[in-house]
Each structure stands twice: as structure tokens, then as C-alpha cells.
Amino acid sequence: MRNAKLALILALPLLSLGACTVGPDFKTPAAPAPEAGYAADGAGRAALAQGPQAGWWREFGSPALDDLVARALAHNHGLAASKATLERARERIAAIAGKRLPQVDASARADYEQVNLSAIGIGDKLGAAGIGNPEFDLYTVGGGVSFDLDLFGRNRRSLERAAAEAEAQQRQTEAAHLVIAGRVVGQVLAIAALNDRIATERALLAESEQNVSLTERRRRAGAGTLVEVLSAQGQLASDRTALPALEQSLAEARALLAVLLGVSPAELGATDFSLGQFTLPAQVPVALPSALVHQRPDILEAEAQLHAAIAGVGVATAELYPNVTLGASITQSTSQPDKILSGKYNAFDLFAGVTAPIFHGGTLKANKRGAEAAARAAAASYQQVVVEAFGQVSTLLSALETDGRALAAEQEASRIAERSLHLSRRSFEVGNSGILQVLDASRANQRARLALLAARARQYQNVARLYVATAGGWIPDETAPAAATPVTP
């Protein structure tokens, strides 16, 4: 009989080979159906680059920009926190995986005990003979092993959930890399645009000063009036008011860039960028493949969170089923510590235990329903992230196409305004027109040059945003170059 029991206990682990894993299995969501304008496969599409770690910022052709991005990725404090959180998530996987293995523990005790002989019915007799309850030292060493058969996959689903949560955190960290790099690039481009704007304002100030000199020369020559001089001086004074605000904006932009790099503005170094220092891609695609769904970190994070939520349904389902645990222990107990390793003081036990939920007030079923609701919420969130991602790319592709047309129009307007100003000055110098015509032409030229600069800055920013939105950029489709949107720097 004893051997039969032992054989039964030793055979129980074989049951785990036929164990089932309850709850739904995760299936990767299908890529969304191509939508006209932003996810079409075919002419005008572009293959995606290598993802968030592809170094897309190098496409701007600026070693100084590359250095700033590298500094931000190495020293940004928010990114460091995200990396530490990812490390914690990976350690959680190891911790849960360890629970699926046999658990082995050792123990040791030293006791001073008194045995109550009356409790076993012989105390009174021994007491009559003058013998009291014995007192003695007891030394015990031993160990035990236990193993959860996990017949219904609770531990397997827990491990699956932990792995999915770690993947979600990894994707979140990748997204943080992408966002930090994008913010650094965007901030550098903003600083470059401000530098160009300040340079343009100073050039316009020089032109306004030229208008003042022109009117003063005409007045000294007796051909002009004081009113003309004052009009030109008024425009010059008005133009000077723009510089302080621009210089303050530049200081704020530098401070924000320093924050992204994890340094103080004093440690930032020179930021004398100009938009002309950066290159733009010769063309951008008019559409991107639906494979974008498998590259953007935010989409992959949402997918991993959906996986974790579905695994959570399996965990909650397994809680409704019995749990079987096997174990064994061995101990050595003696009152003589020098003989504690002797085989005569050995004792062991083998056991198999079953726990099954009978009544928990509806808690376990409520937990399962809650897990199923969480899975539905995660599925809806995933779909929303996908829709927003493709919508963002669609908007940026449309914006870049608009930027190209707007930039061409602004360039033409700037050429016309510059020529008009030149002719107005010549006409004023020979006395064929008044100063108001020159000032109006000067104003039109200023507006045209600033609008051209704003259009160019907007184009650079939208290209950078498209790199981020596509999670690392794109590779032009060599088979359909005519379907892509050209970029005019």
C-alpha cells in the first residue's frame, strides 16, 4: 500500500504533460485595409526604413545635429527612467518564470522544549513517581521541495502576460527614443528658423536704414521733405521692435533644447544653425504601405498591451479551476548536535495537495468578467491608436504636398516684391515717385521675405514630423519616382 501511494505521487507530474491552458489565445491583429491617400500599396508608396533606431535624423546631413541627438539619447533623464522601467519589467518575467520550476527551500532550527506529558495521559502517573515534564534541546535541519503542476495554465498565462507587458514597456521605450530624437530635431530646426528670422530682420533693418539715408540725401539736396524723412524713420523704428521678441524666443528655444539634452543652457554650446545647413529628401512618398502598423512603437505597444490583457483573461479563468501541488521534505532532528547527520535521525514525507475554489462570493467570476472587459478595452484602444497613426501620416503627407506649392508661391512673391522695391527706389531717386511708394514696396518685400522663411521652416518641420510619424523614415520606391511628391528646399 505504501509503495502504491508513493508511485501515485511520483506519477502525478506526468499529469502536467497533458495539462491545458484555459482562456483565449492571442492572435496578432490583421493590418488595416489600405485607405486611399495614406496607406495604399502600389504606385507612389515607399518602403519603410529600419524603425526607431535607424538614425533617421542623419538624413538632414548635419553632424552637429547628429551630435545633439546622440547627447539627448545618452543623457535625457526621462529616457533613463523609461530604460529603468523596462529593466524592471524584464526582471518580472524572470521572477514569474521561476515560479514554474520546483521550489526548493532549506531550514534549520535550534529549540529548547518542554514536553507536556499530561497531554498524552501519562503525566499524572509520572508525576506520582516524582518525574516531571522533560526538558531538552532539539536541533533540526532539513529541506523541502514543492511543485505546482499548473494543470490549467495559471502560471503559463501569468508568464505570457508578464512577457507582453515587458514588450509593451520596450515599445514605450522605443517610442521615447523616437519622441526625444524628434523633439531635438524639431527644436534645432526651430532655432535655425529663429536664427534665419533674426538675420532676415537685421537685413530688413539695413534696408530701412537705407530708406532713411535715401530720404535724408534727397532733403539735403533740396528735392525731399522732412515728412519723407520722418516717414522712413518711423518705419525703421517700427522694424526695430521685432528683434527683442525674437531674441527672447531664441533664448527660450535654447533652454528647451538644453532640457532635452539634460544639461543647463550654459553647457549647451553654440547653436548658430541655419536652415540652409540642412538637407531635405529629394522627394517624399504620396502614400505609405500598411506595413506601417508593424513598425510604429505606439502601435506595437498597444498590440502588446492587448496581448497582456488577453493573457489576463486566461489567468482569471485558471483561478476558477483546482490547483494541484506536489512536494516532499526531509528533516534531521536530534538533541545531540554532533549526531545531526546520522541516518537514524532522518524523517521524510511526500505529499500531493489539491485546492479548489468552492465559494468566494462571486469574486473569481467577477475577476474573469473584469479581465474580459479589460481585453475589449485594450482591443478598442489598439484600433484607435492605429487609426490615429495613419491619420497623422495622412495629414503630414498632405501638408508636405501643400508646403511644396506654398513654398513655390512664396518664392515667386518674394522675387516680385524684391524687384518692385528696387524699381521703387530708382523711381524715387529720380523724382518720379514719392517716399510712400518706396515704403509700401519695402513693407511688401519684408512680408514676402518673412513669409518665405516661414514656409521654408514649416516644410523642414513637417519633414521631421513625417520621419517621426513613420517611426524612422522611409526608403523611396525606385519603381515609381514620378508618383512621389518633390521637395523644394
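A residue is called buried when its relative accessible area is under 20%, exposed when that area is over 50%, and partly exposed in between. The model described here is predicted.

**A buried asparagine in helix 5**

Asn-195 has a relative accessible area of 17%, so this residue is buried. Asn-195 belongs to helix 5, which covers residues 154–220. A polar atom of the Asn-195 side chain lies 3.0 Å from the backbone oxygen of Thr-271. When neighbours within four places in sequence are left aside, the residues in contact with Asn-195 are Leu-250, Thr-271, Asp-272 and Phe-273. Thr-271 therefore appears both in this set of contacts and as the owner of that backbone oxygen, next to a side chain that is buried because its 17% falls under the 20% cut-off.

**The chain as a whole**

The protein chain has 489 residues, and 40% of them are buried. Its secondary structure consists of 11 helices and eight strands. Of the contacts between residues at least 6 apart in sequence, 85% join residues at least 24 apart. The accessible surface comes to about 25500 Å², and carbon and sulfur atoms account for 56% of that surface.

**Salt bridges of helix 5**

The count of salt bridges comes to 16. Three of them involve residues of helix 5, as the table shows.

| Salt bridge | Closest N to O distance |
|---|---|
| Arg-157 and Asp-25 | 2.8 Å |
| Glu-160 and Arg-157 | 2.7 Å |
| Arg-171 and Glu-167 | 3.8 Å |

The side chains of Arg-157 and Asp-25 meet in a salt bridge. Arg-157 is in helix 5, while Asp-25 is in the loop between helix 1 (2–11) and strand 1 (46–48), so this pair ties together parts that are 132 residues apart in sequence. Are these two partners buried or exposed? Arg-157 counts as buried because its relative accessibility is 2%, whereas Asp-25 is exposed at 57%.

Glu-160 and Arg-157 are three residues apart in helix 5, about one turn of the helix. Arg-171 and Glu-167 are four residues apart in helix 5, so about one helical turn separates them. Glu-167 has a relative accessible area of 31% and is therefore partly exposed. Asp-25, Arg-157 and Glu-160 are joined into one network by salt bridges that share partners.

**Paired strands**

Strand 2 (residues 103–114) pairs with strand 3 (residues 135–148) in the antiparallel sense, over 12 bridges. In this pairing, Tyr-112 stands opposite Asp-137 in strand 3. Strand 3 is also joined to strand 5, by 10 bridges, and these two run antiparallel. Here Gly-142 stands opposite Thr-331 in strand 5. In a regular strand, side chains alternate between the two faces of the sheet.

**From strand 5 to strand 6**

Asp-338 is in the loop between strand 5 (323–334) and strand 6. Its relative accessibility is 66%, so Asp-338 counts as exposed. Which distance separates the C-alpha atoms of Asp-338 and Tyr-139? The two atoms are 9.8 Å apart, although the residues are 199 residues apart along the chain.

Strand 6 covers residues 346–355 and includes Phe-348. Phe-348 counts as exposed because its relative accessibility is 58%. Together with Ile-330 and Leu-350, Phe-348 forms a nonpolar patch on the surface, and the three have about 290 Å² of accessible area together.

Notes:
Residues numbered from 1 in each chain as written. Predicted model: local features only at pLDDT ≥ 70, side-chain atom pairs only at ≥ 80, totals over all residues. Heavy atoms only, no water. Patch = residues over 30% accessible without salt bridge, like charges linked within 9 Å, V, L, I, M, F, W, Y side chains within 5 Å. Areas by Shrake-Rupley, 256 points an atom, 1.4 Å probe, with all protein chains shown as cover. Salt bridge = Lys/Arg side-chain N within 4 Å of Asp/Glu carboxyl O. Buried < 20%, exposed > 50% of the residue type's maximum accessible area, 1.4 Å probe, protein only. Polar contact = N/O pair within 3.5 Å; in protein donor to acceptor, adjacent residues only side chain to side chain. Contact = heavy atoms within 4.5 Å. Pairing = 2+ DSSP bridges.
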